[in-house]
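Please read the following with the sequence and the coordinates side by side, since the explanation moves from the strands to the cysteines.

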Amino acid sequence: MAKVGNRQYKTLVCGVCGQENYRVEKNVKKTVDRLELSKYCPTCRKHTEHKEKK
């Protein structure tokens, strides 16, 4: 059984406009690097690179 507390919610920020669009769950013990995902930004109205907020 997994330990409680390894997963946390992280906010993703658009690399173009800086809008906070998504909240994703991340395993902080196994994934130490910041997330970088290509997601749809409703403000820019296109797919852009979204990065994990500090």
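In which sense, and over how many bridges, do strand β1 and strand β4 pair? In this predicted model, strand β1, which covers residues 7-14, and strand β4, which covers residues 46-52, pair in the antiparallel sense, and 3 bridges join them. One residue to look for here is C14, whose bridge partner in β4 is H50.

This pairing belongs to an open sheet of 4 strands, whose order is β2-β1-β4-β3 and whose pairing is antiparallel. At the edges of the sheet lie β2, made of residues 20-27, and β3, made of residues 36-41, each of which pairs on one side only. If direction is ignored, neighbouring strands of this sheet are turned against each other by 40° on average.

The cysteines deserve a separate look. A search of the whole structure finds 0 disulfides, and the distances show why C14 is not bonded: the closest cysteine sulfur, in C17, is 3.7 Å from the sulfur of C14, which is too far for a bond, because a disulfide requires the two sulfur atoms to be within 2.5 Å. C44 is likewise in no disulfide, and the cysteine sulfur nearest to that of C44, which belongs to C41, is 3.7 Å away.

As for their surroundings, C14, the residue that has H50 as its bridge partner, is buried, with a relative accessible area of 4%, whereas C44 is partly exposed, with a relative accessible area of 23%.

Key: Residues numbered from 1 in each chain as written. Predicted model: local features only at pLDDT ≥ 70, side-chain atom pairs only at ≥ 80, totals over all residues. Heavy atoms only, no water. Pairing = 2+ DSSP bridges. Helix = DSSP H or I, 4+ residues; strand = E, 2+ residues; numbered from the N terminus. Axes fitted to C-alpha atoms, helices over the stretch in contact; angles between N-to-C directions. Buried < 20%, exposed > 50% of the residue type's maximum accessible area, 1.4 Å probe, protein only.
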